[in-house]
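I opened this notebook to record what I looked up in the structure. The entries follow the order in which I consulted it.

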Amino acid sequence: MRNTSDETRDTKYMQMALRLARRGIGSVEPNPAVGAILVKTGKIIGKGWHRKFGGPHAEINALENCKNLDAGPQAATMYVTLEPCCHHAKTPPCTDAIIAARLAKVVVATIDPSQHANGKGIERLRNAGIEVQTGVCQTEAKLLNAPFIKFAKTGKCWVILKWAQTIDGKLAYADKGDQQQWISNDLSRKDVHKIRRRIQAILVGINTVVADNPLLTPRPSKGKQPTRVVLDNFLRVPLGCNLLATAKKSRVLIVTSQQALRANPQIAEKISQKGAELLAFPGTQGQSNLGFLLHELSERGIGQLLVEGGPTVVTSFLKEGLADQIVVYIAPKILGQQGSVSITGPMAELTGAIGLHYVDVKRFGDDVRLTGFLQKALDEISVGS
């Protein structure tokens with residue numbers, strides 16, 4: 001039986017490892033964010049986290065940090081937020097490095113459900129005589145890497161619904177004038193770009209493209225770029241829009257209907273010439289088949305999809321039970337008749353109540369961001385609500 005002081009100590013160090021892991025968010029995807037702490041005789045002798053996709057893992061960085069601090073890792077305990085890998089990929093197995101360092105114990109927050117892992121790394125360490133403990137801060141670790149865990153377990157991408165609204169539910173100004181008028185403030189919009197940097201695809205409806213002519217890229221624009229997806233049943237995408245103008249630099253996927261392709265072959269050809277890909281929904285024109293789209297995106301290795309569409313698109317994902325997480329920015333404004341595009345109408349069509357779990361509320365200046373997980377997502381990553 002572990003005593004209370006042991007549990008408190010383990011939780012303290014694992015929380016430190018989780019804070020380190022969060023530093024990698026936005027740079028490591030589609031890999032998981034992982035942190036590691038090395039402790040010996042009650043002192044931290046090494047810290048590390050997975051810094052970027054394809055780079056050394058958290059365990060390796062912690063062991064290297066230990067060397068830089070001129071400390072010996074022998075007989076130390078490592079706290080790591082995800083099961084150490086035991087396979088050769090872009091980097092050598094972390095289990096080999098841990099064994100070579102002669103650690104006494106490894107405390108793991110949660111198992112990696114990937115086919116090449118799923119307990120194999122833990123088994124490898126135990127077979128080498130290293131004590132392994134699992135489950136410390138397990139819920140926090142799973143929520144941190146929920147998209148990775150879902151994709152590893154189900155092969156399905158994680159769906160985030162995001163929008164910004166006023167207190168009275170308006171998503172835009174009725175009269176935009178010559179300059180863009182934003183619902184949310186600068187700090188909120190910077191946070192959205194952080195989210196964009198960690199996802200692999202971003203989706204909007206054609207109305208958003210026509211009204212706002214967005215680029216849908218993270219800014220500053222550096223590193224990996226998400227696939228930009230447009231729902232366009234009737235092939236109305238403007239040929240001169242920003243998305244098509246940049247399609248050869250960053251992938252654009254226009255999702256339309258088979259009928260629209262047959263009715264507009266010349267437009268389809270021009271879209272293809274600009275570098276965008278066309279994907280036709282099966283079924284009749286106007287019929288929603290978001291499940292088909294998510295399957296297609298998942299087959300392409302897209303682990304996270306950010307839905308930034310208008311109220312109809314957002315509500316469609318909720319109606320079909322396809323959302324995993326919701327991110328809402330609420331601005332302290334009541335626009336009344338000066339506002340347009342209300343989300344309250346489409347939301348009122350939902351037949352069942354939807355609750356959010358593990359809710360996080362954060363302020364960005366006067367704006368408030370509310371984030372929460374849907375129950376079906378928690379079920380898929382085996383986290384209780």
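**Entry 1: a turn after a helix.** I am working with a predicted model. I began at G321, which follows helix α13 and has a positive phi, near 65°. I then read the burial of α13 itself, residues 311-319: P311, V313, V314, T315, F317 and L318 are buried.

**Entry 2: the whole chain.** I noted 15 helices and 16 strands in the protein chain. For 385 residues, a compact globule would have a radius of gyration near 21 Å; I read 23 Å for the chain, which agrees. Along the principal axes, the C-alpha atoms fill a box of roughly 70 × 45 × 40 Å. Buried residues make up 48% of the 385 residues. Among contacts with a separation of 6 or more, 73% come from residues 24 or more positions apart.

**Entry 3: the nine-stranded sheet.** I asked in which order the nine strands of the open sheet stand. The order is β11-β10-β9-β8-β12-β6-β13-β16-β15, with mixed pairing. The edges are β11 (277-281) and β15 (357-364); each has a single partner strand, so one side of each is left without a neighbour in the sheet. Neighbouring strands are turned by 20° against each other on average, direction ignored.

At one edge, I found that β10 (residues 252-257) and β11 run parallel and are joined by five bridges. I254 has L278 of β11 as its bridge partner. Helix α12 (residues 290-299) packs on this sheet, where it touches β6, β8, β9, β10, β11 and β12; its direction makes about 140° with that of β11.

**Entry 4: strand β6.** How many residues of β6 are buried? I counted nine of the nine, so β6 is largely enclosed by the rest of the structure. W158, I160, K162, A164 and T166 point one way, while V159, L161, W163 and Q165 point the other way. The buried set thus includes K162 and Q165.

I next looked up the partners of β6. Four bridges join β6 to β12 in the parallel sense, and V159 has L305 of β12 as its bridge partner. With β13 (residues 325-331), β6 also pairs in the parallel sense, over seven bridges; there L161 is matched with I326.

**Entry 5: helix α7.** I checked the length of α7 (residues 186-198). At 1.5 Å a residue, its 13 residues should span 18 Å; the end C-alpha atoms are 19 Å apart, which agrees. N185 caps the N-terminal end of α7, with a side-chain oxygen 3.1 Å from the backbone nitrogen of L187. The buried residues of α7 are S188, R189, D191, V192, H193, I195 and R196. They pack against β6, β8, β12, β13, β15 and β16.

**Entry 6: the five-stranded sheet.** I turned to a further open sheet of mixed pairing, ordered β2-β1-β3-β4-β5. Here β2 (43-49) and β5 (131-134) stand at the edges with a single partner strand each, so one side of each is left without a neighbour in the sheet. The twist averages 15° from one strand to the next.

Within this sheet, β1 (residues 35-40) and β3 (residues 77-80) run antiparallel and are joined by four bridges. V39 has T77 of β3 as its bridge partner. Helix α1 (residues 4-22) lies across β1, β2, β3, β4 and β5, at about 140° to β1. Helix α2 (residues 58-68) also packs on the sheet, touching β1, β2 and β3, and its direction makes about 135° with that of β2.

Key
Residues numbered from 1 in each chain as written. Predicted model: local features only at pLDDT ≥ 70, side-chain atom pairs only at ≥ 80, totals over all residues. Heavy atoms only, no water. Pairing = 2+ DSSP bridges. Helix = DSSP H or I, 4+ residues; strand = E, 2+ residues; numbered from the N terminus. Axes fitted to C-alpha atoms, helices over the stretch in contact; angles between N-to-C directions. Contact = heavy atoms within 4.5 Å. Buried < 20%, exposed > 50% of the residue type's maximum accessible area, 1.4 Å probe, protein only. Expected span 1.5 Å × (residues − 1). Polar contact = N/O pair within 3.5 Å; in protein donor to acceptor, adjacent residues only side chain to side chain. Rg over C-alpha atoms; globule rule 2.2 N^0.38 Å.
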